[in-house]
Amino acid sequence: MAFAVAGLALVGTIEVLNCKCGNAIARKMAQEPHSKWRILAPRSAWLLYQRDFKALRGINPQTPLSAANQEAFEAYAQSRWRAYLPYYWLDYAMKYSIWGMPAGLCTAISSFILLGRSRSSWRALLWTTGIVGIMTFLTVAIRYFPALGW
């Protein structure tokens with residue numbers, strides 16, 4: 001039962017983040033169909049923000065930022081990071097989505113094995129758990145596994 005809930009929570013989290021990111025999974029699959037799922041790490045994003053900020057202000061890329069420019073850059077980077085945060089969370093969730101396959105499969109198999117040995121009072125719960133396990137397995141296998149580049 002815990003695997004079913006964890007798998008369903010993982011799938012739900014990924015789908016909510018995918019909607020917040022404007023269907024990023026489908027866009028990524030269209031752009032790079034055979035590559036692994038990856039989004040810039042926070043440090044790389046921070047360096048890109050600094051490069052963009054220097055270009056926006058007309059500062060030489062090798063020049064260190066002054067104290068006044070550093071404060072302005074911090075505000076600029078924070079505003080950009082808030083917009084980027086759902087993508088980072090989606091990246092993090094997609095890395096762990098691979099665990100949805102064994103979790104869903106184990107949940108479905110164990111639920112259906114227990115279904116044959118259980119009393120009638122537990123049958124509805126075991127059917128529901130088995131169906132949730134199958135849905136988790138299929139969602140990860142069909143939707144997320146190709147996006148992970150395997």
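**S111 and its surroundings**

With a relative accessibility of 3%, S111 counts as buried (under 20% relative accessible area, with exposed meaning over 50% and partly exposed in between; 1.4 Å probe, protein chains only). This is a predicted model, in which local features need pLDDT of at least 70, side-chain atom pairs count only at pLDDT 80 or more, and totals for chains, interfaces and linings use all residues. Residues are numbered from 1 along each chain as its sequence is written, and side-chain values use heavy atoms, with hydrogens and water left out.

S111 sits in helix α5, residues 100-117; helices here are DSSP runs (H or I, at least four residues), numbered from the N terminus. Leaving aside residues up to four places away in sequence, S111 touches L126, T129 and G130, a contact being heavy atoms within 4.5 Å. F53 is a long way off: its C-alpha lies 55 Å from that of S111, with the two positions 58 residues apart in sequence.

As for α5 itself, its 18 residues should span 26 Å at 1.5 Å a residue (the expected span is 1.5 Å times one less than the number of residues), and the end C-alpha atoms are indeed 26 Å apart. S111 has company in being buried: G100, M101, A103, G104, T107, A108 and L115 of α5 are buried too. The buried residues of this helix pack against α1 (2-20), α4 (67-96) and α6 (123-144).

Then there is the nonpolar interior. The largest nonpolar core (a set of buried Ala, Val, Leu, Ile, Met, Phe, Trp, Tyr and Cys residues joined through side-chain atoms within 4.5 Å) has 15 residues, and I14, I25, L90, M94, V140 and Y144 have the most contacts inside it. Two or more residues of this core come from each of α1, α2 (24-31), α4 and α6, with α1 giving the largest share, 4 residues. Y144 touches V11, I14, E15, I25, M94, S97 and T139, again not counting residues up to four places away in sequence. A second, separate core has 9 residues, including A45, F73, W81 and Y84.

On the charged side, the whole structure holds 2 salt bridges, each a side-chain nitrogen of Lys or Arg within 4 Å of a carboxyl oxygen of Asp or Glu. E15 pairs with R143, the closest N and O atoms being 2.7 Å apart. This pair links distant parts of the chain, as E15 is in α1 and R143 in α6, 128 residues apart. E15 is partly exposed at 24%, and R143 is partly exposed at 32%. The other bridge joins D52 and R51 at 3.5 Å, N to O. D52 is partly exposed at 25%, whereas R51 is exposed at 51%.
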